[in-house]
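Colleague: I should be grateful for a close look at one part of this model, with enough of the whole to place that part in context. Please explain it in terms that a first-year student can follow.

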Amino acid sequence: MRIALHDVEYSLPETKLLKSITCSFTKGITYVVGKNGAGKSTLLKLLTTAIQPVHGEVNYTRLVRDEQLGTYRKKLSIEEIRKIIGFLPQHFTGHSDMTVEKYITYIAYHKGIPRKLVKKSVENWLKESHLTHVKRRKIRHLSGGERQKVGLIQALINLPRICILDEPFEGLDIEERLYFQRILQRLSYHSIIIISTHLIDEIRQSSEDKILYLSEGKIAYFGGIESLDTVTQRLEEA
Ligand SMILES: Nc1ncnc2c1ncn2[C@@H]1O[C@H](COP(=O)(O)OP(=O)(O)OP(=O)(O)O)[C@@H](O)[C@H]1O
């Protein structure tokens, strides 16, 4: 899988929020960092296809092997893309009048988990993320951290090929953060994972991960995490 952006621009009537964005994402974890208002959430929404660029292109392709045509990149349709994306928005609310268990079960069916595996899968996610004791509580009565975990589960439950998470670790304690980070790390061997964060300390020091540093809607840096210190310094000085 590959997501390739070419000269992408996104604007509202008065302001340009994203400017000349050219980059591509393949399997692995990319952290999108930048100051408040840099355009991180806007870029993530664009990658989910929720909003469209006013200029430039976003292409989703996967390698296909064909006996006659050989190996080529097949462009995915918007329906195909939406089926393989797991998304956690910045302010996740879910279906606030549903109980945690009902909501996650509904999501599991919706995302194609085989019927006979749904109950076990839901039980397991709730147990591992310490939500079993609130499974009969309505989502609107959860604490911020509990709601965030429900949001993460709905994004990850079918281990999607593209996973886009906006500030996913907000409100989680260290143990829970590590639990979800381990899942994301395993998933990153097969999937494109894009995580926005303003908490630089949350970023694991792994030579395989990448950083996309956005500044005023433009890419200021896109590369290996080994330059994290330089990026942090630039963030602090800016
Ligand atoms: N619907 C909107 N109407 C007007 N301005 C908007 C709208 N959506 C976003 N913006 C502005 O666009 C800029 C980028 O917003 P965005 O939410 O993408 O930034 P961000 O990097 O995710 O910020 P934060 O870290 O604070 O979440 C901000 O200045 C924001 O105020």
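Modeller: The secondary structure of the protein chain consists of 7 helices and 10 strands, in a model that is predicted. Among these strands, strand 5 will serve as the part for a close look, and it covers residues 70–75.

The surroundings come before the detail. The C-alpha trace of the protein chain spans about 55 × 45 × 40 Å along its principal axes. A compact globule of 238 residues would have a radius of gyration near 18 Å, and the value for the protein chain is 18 Å, so the two agree. Of the contacts with a separation of 6 or more, 66% are between residues 24 or more positions apart.

In the protein chain, 33% of the 238 residues count as buried. The largest nonpolar core contains 53 residues, and V32, I104, I164 and I194 are those with the most contacts inside it. V32 can serve as an example: leaving aside residues up to four places away in sequence, V32 touches K40, L43, L44, I194, I195, S196, L212 and L214.

Now to strand 5 itself. A residue counts as buried if 20 or more other C-beta atoms lie within 10 Å of its own. Of the 6 residues of strand 5, the number buried is 0, and therefore the strand lies largely in the open.

Strand 5 has a partner in strand 4, which covers residues 55–66. The two strands run antiparallel and are joined by 6 bridges. A hairpin of 3 residues connects strand 4 to strand 5. Within this pairing, R65 stands opposite T71 of strand 5.

Technical notes
Residues numbered from 1 in each chain as written. Predicted model: local features only at pLDDT ≥ 70, side-chain atom pairs only at ≥ 80, totals over all residues. Helix = DSSP H or I, 4+ residues; strand = E, 2+ residues; numbered from the N terminus. Rg over C-alpha atoms; globule rule 2.2 N^0.38 Å. Buried ≥ 20, exposed ≤ 12 C-beta atoms within 10 Å, placed from the backbone. Contact = placed C-beta atoms within 7 Å. Core = buried A, V, L, I, M, F, W, Y, C linked by C-beta atoms within 7 Å. Pairing = 2+ DSSP bridges.
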